[in-house]
Amino acid sequence: MDAVIGIRGGDEIGELAALAGWLRAERELESTVQVLRANVGGTELGSGLDVISVAVGSGGIGVALAQSLSAWLRTRRADIKVTVTANGRTIEIDAKRVKDSAGLITQALSAAADDTEN
């Protein structure tokens, strides 16, 4: 299962690049993080940076992702929202207003994993 992470608000491209670097710095996550680029047409402007995909399988990767993403959110000064989608379920976390983001992300990933097993 892959968890797809997107960012809305603030400097979206800069924040997404910062998050990708942060996640890749985690030993448990470094080989599971992939930046997916949007297709940019020849007449469009933009970097094409779209979302981050993290391969979440067994072995506690989901917990490591939840903890790392939660820690990263606490360092943000901009008013951004992070969306995490896994197995068709999406949660949105407001960086300034959610107290237990790690618990919320872990629940979402666990629920998505449960759906794939049934």
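1. A good place to start is the surface: the protein exposes about 6700 Å², and carbon and sulfur atoms supply 46% of that area. Buried residues account for 37% of the 118 residues. Please keep in mind throughout that this is a predicted model.

2. On confidence, the mean pLDDT of the protein is 80, and 78% of the residues score at least 70. Among the elements, helix 1 (residues 12-24) has the highest mean, at 92, while helix 3 (residues 101-117) has the lowest, at 65. Where pLDDT is low, the predicted coordinates should not be read in detail. I would keep that in mind for helix 3, given its mean of 65.

3. Now the overall layout. There are 3 helices and 5 strands, and along the sequence they follow the order β-α-β-β-α-β-β-α. Of the contacts with a separation of 6 or more, 56% join residues 24 or more positions apart. Several of the points below pick out individual examples of such long-range links.

4. Strand 4 (residues 81-86) deserves a careful look, as it pairs on two sides of the sequence. With strand 1 it pairs in the antiparallel sense over 6 bridges, and Val4 has Thr85 of strand 4 as its bridge partner. Strand 4 also pairs with strand 5 (residues 89-94), again antiparallel and over 6 bridges. Here Thr83 has Glu92 of strand 5 as its bridge partner.

5. What lies between strand 4 and strand 5? The two strands form a hairpin with 2 residues between them, and Asn87 in the turn has a positive phi of about 55°.

6. The side chains of strand 4 alternate nicely. Val82, Val84 and Ala86 point to one face and are buried. Lys81, Thr83 and Thr85 point to the other face and are not buried.

7. Gly6 is a useful residue for seeing how these strands come together. It lies in strand 1 (residues 2-8), and its relative accessibility of 9% puts Gly6 among the buried residues, because the cut-off is under 20%. Beyond neighbours within four places in sequence, Gly6 is in contact with Val51, Lys81, Val82 and Thr83. The C-alpha atoms of Gly6 and Glu92 are separated by 9.3 Å, although the two residues are 86 apart along the chain.

8. How many salt bridges does the structure hold? There are 2. In one of them, the side chains of Arg8 and Glu92 meet at 2.6 Å, N to O. Arg8 belongs to strand 1 and Glu92 to strand 5, so this pair ties together parts that are 84 residues apart in sequence. Arg8 is partly exposed at 45% relative accessibility, and Glu92 is partly exposed too, at 39%.

9. Another salt bridge joins the side chains of Glu15 and Arg76, at 2.8 Å, N to O. This pair also links distant parts of the chain: Glu15 is in helix 1 and Arg76 is in the loop between helix 2 (61-74) and strand 4, 61 residues apart. Is Glu15 buried or exposed? With 10% relative accessibility, Glu15 counts as buried.

10. Trp22 is worth rotating into view as well. This residue is found in helix 1 and is partly exposed, with a relative accessible area of 30%. Not counting residues up to four places away in sequence, Trp22 touches Ser68, Ala71, Trp72 and Thr75. The C-alpha atoms of Trp22 and Trp72 are 7.3 Å apart, with 50 residues of separation along the chain.

11. Finally, Ser53, which lies in strand 3 (residues 49-55). Ser53 has a relative accessible area of 5% and is buried. Which residues does Ser53 contact, leaving aside its neighbours within four places in sequence? They are Asp2, Ala3, Val4, Thr32, Val33, Gln34 and Leu36. One of these, Val4, has already appeared above as the bridge partner of Thr85 in strand 4.

Terms used
Residues are numbered from 1 along each chain as its sequence is written. Side-chain values use heavy atoms; hydrogens and water are left out. Helices (H or I, at least four residues) and strands (E, at least two) are DSSP runs, numbered from the N terminus. Buried means under 20% relative accessible area, exposed over 50%, partly exposed in between (1.4 Å probe, protein chains only). Contact means heavy atoms within 4.5 Å. Accessible areas come from the Shrake-Rupley method with a 1.4 Å probe; for residues, only the protein chains shown count as cover. Two strands pair if DSSP finds at least two bridges between them. pLDDT is the predictor's confidence in each residue, from 0 to 100. A salt bridge is a side-chain nitrogen of Lys or Arg within 4 Å of a carboxyl oxygen of Asp or Glu.
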